[in-house]
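Please look through the sequence and the structure shown here, and then follow the report below, which takes up a few regions in turn.

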Amino acid sequence: MDVQIAVLDYGSQYSQLIVRRVRELGYYAKLYAPETLKELRGLEGVILSGGPNSVTDPDSPDVDFGFLQSLNVPVLGVCYGMQLLNKKFGGDLTPGTTSEYGPARLFIEDDSTLFAGIGGHSQIWMSHTDTVSRLPEGATVMARNEDSIPIALRFCKNWYGIQFHPEVTHTHEGRAILKNFLNQLNVEPGFDVEAFKQEILKDIIAEVGDREVVCGVSGGVDSTVLAVLLHEAGVKVHPIFVDTGMLRKNEAVEVQKQFAEVGVEIETIFAEDRFLNALKGETDPEKKRKIIGNLFLDEFFSHAGEIELFAQGTLYPDVIESATSGSIASVIKTHHNRVNRILELKAEGRVLEPLAELFKDEVRALGTSLGIPAYALNRHPFPGPGLAVRCPGEVTKEKLDILREADDIFICALRKHGWYDKIWQACTTILNSKSVGVKGDVRAYEFPIVLRAVISEDAMTADWVEIPYPVLREISNKILNGVKGVNRVLFDISTKPPASIEWE
Ligand code: XMP
């Protein structure tokens with residue numbers, strides 16, 4: 001199946017989110033670098049994403065306008081994309097000195113197309129600096145903001161520009177606006193998870209050829225879906241599970257059971273000593289991640305020999321936060337699947353990441369269509385570096401053992417009270433600074449434990465969950481009474497942003 005919608009990536013953190021929204025609405029979309037537009041065939045529509053640049057800067061990324069016009073398909077410019085189209089059609093922009101960031105209201109003037117059925121003054125999400133100062137000839141204003149500045153334009157028949165971001169959930173009617181745009185295409189929606197699975201399988205078979213794929217599995221949703229996909233694609237695959245000593249209580253046994261159930265044979269490597277030795281004395285979160293990422297590779301290489309192709313279940317949020325995708329986004333944290341050696345392998349064409357354009361819930365949907373049991377797909381995400389990212393400061397066996405016990409109490413209580421499936425991710429962190437307390441009439445200088453439970457759609461943003469006090473009280477009592485070395489339990493009430501989900 002040909003890609004129907006090309007989303008041209010001008011560097012916004014949200015570009016892939018546009019792709020995902022379009023797919024949710026039943027059309028096959030993919031993200032492309034703007035300069036590759038000319039190579040694409042069979043497009044039914046084009047969307048130009050937002051981006052951090054100013055169109056007024058002579059070096060800002062461009063579009064092949066003549067080619068875009070020759071496609072004769074509906075076009076939507078979002079934020080930077082709208083400003084670029086405005087310039088191409090002959091309009092002007094005012095470079096801003098301050099940015100407009102956050103919620104705003106939509107004042108619709110033309111509800112015949114993009115805004116058909118959209119309520120008045122609905123909330124939209126802005127993230128831009130420049131504004132349109134002069135409309136191109138023939139363009140009309142479709143909506144303005146509170147200050148009467150045009151924020152939605154119709155450039156010509158089915159070419160539109162919107163200043164706000166319809167792809168983020170903070171734009172309350174963003175989905176309906178995108179749907180209205182897609183309604184202008186010459187094809188009906190029909191792309192679904194089954195079609196998507198077939199596309200991914202086709203891509204895997206083409207990329208792998210007859211090479212052997214070594215793939216790291218953790219038992220988490222991503223690597224399980226990856227291993228089953230590779231199995232289903234019928235390529236030669238060697239899945240390896242590394243027990244790093246930084247797994248949760250009973251996790252290694254459960255992971256082995258899980259793979260036996262889905263019919264995928266895995267090799268298990270026990271490497272606790274090697275991981276803990278390598279991390280000895282290290283307290284810097286980025287360095288810890290890099291040590292772990294490299295050690296994973298050492299384990300894979302020493303067990304699998306010369307690796308022809310290395311597959312990992314990298315998801316889109318991992319790529320964008322590590323900012324090595326070639327996009328303009330800045331580094332937030334280096335995910336373990338983006339360490340230098342992986343990047344070197346990648347440059348040699350030896351890394352396979354079939355899930356790198358997907359968000360978590362898309363991976364779960366794919367997993368369901370692959371027949372993976374719900375309990376495996378509904379497991380909360382668990383990061384590649386394991387409990388190390390929940391152990392600020394030096395990672396020690398003592399802290400890990402305490403953490404494992406506390407985490408087990410937390411997770412079991414969430415399951416018992418019916419909260420596990422309502423929560424997107426729950427995690428337990430052991431802090432590095434001890435605090436003073438009293439146990440049995442004597443001073444106790446012990447570790448604090450932090451409980452965190454969030455809901456999220458795609459890990460890019462998250463909100464903390466209001467677990468009822470009686471449940472929290474029960475968990476706290478059990479941890480304080482049952483876990484040696486802990487004298488304080490905290491509950492994390494931070495949203496992402498600014499906090500991330502994990503502590504490191
Ligand atoms: P943060 O902490 O960045 O986490 O808000 C977002 C999601 O990603 C998971 N996470 C990771 N997953 N490798 C992974 O595979 C990593 O290095 C990593 N770091 C964070 C985290 O658990 C959450 O679900």
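## Two cis peptide bonds

In this predicted model, P498 is placed in the segment that comes after strand β22, and the peptide bond that joins P497 and P498 is cis, with an omega of about 10°. P497 also has its place in the segment after β22, a strand that covers residues 486-491. The peptide bond leading from K496 to P497 is cis as well, here with omega near -15°.

## The ligand and its surroundings

K496 appears again when one turns to the ligand, for among the 16 residues around the ligand, those that come nearest are R289, Q425, K496, I501 and E502. If the residues of this shell are sorted by character, six are nonpolar, five are polar and five are charged.

Which atoms of the protein lie close to oxygen atoms of the ligand, and at what distances? In R289, a polar side-chain atom lies 2.6 Å from an oxygen atom of the ligand, whereas in I501 a polar backbone atom is 2.7 Å from a ligand oxygen. G384 also takes part through its backbone, with an N or O atom that lies 3.4 Å from an oxygen atom of the ligand. Taken alone, the ligand would expose 490 Å², and the protein buries 93% of that area.

## A parallel sheet of five strands

One open sheet is built of five strands in the order β15-β14-β13-β16-β17, and the pairing in this sheet is parallel. Its edge strands, each of which pairs on one side only, are β15, residues 267-270, and β17, residues 351-352.

Strand β13 (residues 212-217) and strand β14 (residues 236-243) run parallel and are joined by six bridges, and E212 stands opposite K236 in β14. Helix α6, which spans residues 221-233, packs on this sheet and touches β13, β14, β16 (309-311) and β17, while its direction makes about 155° with that of β13. Helix α7, made of residues 251-262, lies across β13, β14 and β15, and it runs at about 160° to β14.

## A mixed sheet of eight strands

Another open sheet has eight strands, which follow one another in the order β2-β1-β3-β4-β12-β11-β10-β7, and its pairing is mixed. The edges of this sheet are formed by β2 (29-32) and β7 (107-108), each of which pairs on one side only.

How do strands β10 and β11 run relative to each other, parallel or antiparallel? Strand β10, residues 140-144, and strand β11, residues 150-156, run antiparallel and are joined by four bridges, and R144 stands opposite P150 in β11. Helix α3, residues 80-88, packs on the sheet, where it touches β3 (45-48), β4 (75-78), β11 and β12 (159-162), and its direction makes about 115° with that of β4.

## A loop residue with positive phi

The loop between helix α2 (65-71) and strand β4 contains N72. Although N72 is a residue other than glycine, its phi has a positive value, near 60°.

Notes. Residues numbered from 1 in each chain as written. Predicted model: local features only at pLDDT ≥ 70, side-chain atom pairs only at ≥ 80, totals over all residues. Heavy atoms only, no water. Pairing = 2+ DSSP bridges. Contact = heavy atoms within 4.5 Å. Axes fitted to C-alpha atoms, helices over the stretch in contact; angles between N-to-C directions. Near = heavy atom within 4 Å. Polar contact = N/O pair within 3.5 Å; in protein donor to acceptor, adjacent residues only side chain to side chain. Areas by Shrake-Rupley, 256 points an atom, 1.4 Å probe, with all protein chains shown as cover. Nonpolar A, V, L, I, M, F, W, Y, C, P; charged D, E, K, R; others polar.
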